[in-house]
Amino acid sequence: MDKVITVFDKEFEVYITEAEIADRVKEIASQMNKELRDTNPVFLPILNGSFFFASDLLRDIDFTYELSFVKISSYEGLQSGPELKMLIGLDESLANRNIIIVEDIVDSGKTIFELKKQLKEIHVSDIKVATLVLKPASLTYPVTPDYVGFEAADEFLIGYGLDFDKKGRHFKDIYKIKAH
């Protein structure tokens with residue numbers, strides 16, 4: 001594990017270690033195994049960022065579930081953009097299903113808010129949200145995830161799926177911009 005990494009012109013330092021992530025993901029899976037066992041849910045990871053979290057989480061789920069993906073974009077550089085772009089949509093009916101949205105990070109809450117609104121329009125039975133990282137101070141939409149890995153300050157993060165202009169997702173730890 002490198003203590004400091006550089007992506008583009010920014011330096012980042014370790015914020016959450018690979019071991020801390022692995023332990024917390026197992027705890028969330030254990031909680032889901034107790035609470036969601038008989039619901040036959042559809043896990044709906046939001047690509048690309050949640051891929052690592054969803055993959056590790058679902059390996060520890062020990063009940064029957066289905067899996068689908070959606071790709072949505074709202075980021076441009078270090079900032080969330082004004083528009084939510086659905087890049088890959090659903091190709092199956094989710095009506096009357098229990099949905100678990102899996103997200104890498106919830107900061108403004110816009111992506112989750114808009115996706116939940118769309119899912120409600122197609123009459124899903126229930127929607128739960130699992131996020132690896134929640135930034136409570138950044139929330140501008142009324143979103144309360146059901147499963148939260150870590151709460152973070154309003155800092156830009158990369159690693160374990162989180163990216164900076166498509167770079168840095170591959171790091172096993174989560175890094176924050178280094179204070180100078």
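**Salt bridges and strand pairing in a predicted model**

Trainee: Why is Glu66 called partly exposed?
Mentor: Glu66 has a relative accessible area of 33%. Partly exposed covers the range between under 20%, which is buried, and over 50%, which is exposed, so Glu66 at 33% is partly exposed. Please bear in mind that this is a predicted model.

Trainee: What makes the contact of Glu66 with Arg97 a salt bridge?
Mentor: The closest N and O atoms of Glu66 and Arg97 are 3.2 Å apart. The cut-off is within 4 Å for a side-chain nitrogen of Lys or Arg and a carboxyl oxygen of Asp or Glu, so the pair Glu66 and Arg97 qualifies. Glu66 lies in strand β4, whereas Arg97 lies in the loop between β6 (79–88) and β7 (98–106), so the salt bridge ties together parts 31 residues apart in sequence.

Trainee: How do you know whether Arg97 is buried or exposed?
Mentor: Arg97 has a relative accessibility of 17%. Because buried means under 20%, Arg97 counts as buried.

Trainee: Which residue forms a salt bridge with Asp62, and what makes the name apply?
Mentor: The partner of Asp62 is Arg37, with the closest N and O atoms 2.7 Å apart. That value falls within 4 Å, so the term salt bridge applies to Asp62 and Arg37. Asp62 sits in the loop between α2 and β4 and Arg37 in the loop between α1 and β3 (42–47); the pair therefore joins parts 25 residues apart in sequence. Arg37 has a relative accessible area of 36% and is partly exposed.

Trainee: Why is the contact between Lys26 and Asp60 called a salt bridge?
Mentor: The N to O distance between the side chains of Lys26 and Asp60 is 3.3 Å, and the limit is within 4 Å, so the definition is met. Lys26 belongs to helix α1 (residues 18–35) and Asp60 to the loop between α2 (51–59) and β4 (66–67); they are 34 residues apart, so this pair links distant parts of the chain. Lys26, at 47%, is partly exposed, and Asp60, at 29%, is also partly exposed.

Trainee: How many salt bridges does a search of the whole structure find?
Mentor: The search finds 9 salt bridges.

Trainee: What makes β1 and β2 a pair of strands?
Mentor: Strands β1 (residues 4–7) and β2 (residues 10–16) share 4 bridges in the antiparallel sense. At least two bridges are required, so β1 and β2 pair. Val7 has Lys10 in β2 as its bridge partner. The hairpin of β1 and β2 has 2 residues between the strands, and Phe8 there takes a positive phi near 55 degrees.

Trainee: How do you know that β10 pairs with β11?
Mentor: β10 and β11 run antiparallel and are joined by 2 bridges. The requirement is at least two, so β10 and β11 count as paired. Leu157 stands opposite Lys176 in β11.

Trainee: Which strands are the edge strands of the sheet, and why?
Mentor: The open sheet has 4 strands in the order β1-β2-β11-β10, with antiparallel pairing. Its edge strands are β1 and β10 (157–158): each pairs on one side only. Strand β2 also pairs with β11 (residues 174–177), antiparallel over 4 bridges, and Ile16 stands opposite Ile174 in β11.

Conventions: Residues numbered from 1 in each chain as written. Predicted model: local features only at pLDDT ≥ 70, side-chain atom pairs only at ≥ 80, totals over all residues. Heavy atoms only, no water. Buried < 20%, exposed > 50% of the residue type's maximum accessible area, 1.4 Å probe, protein only.
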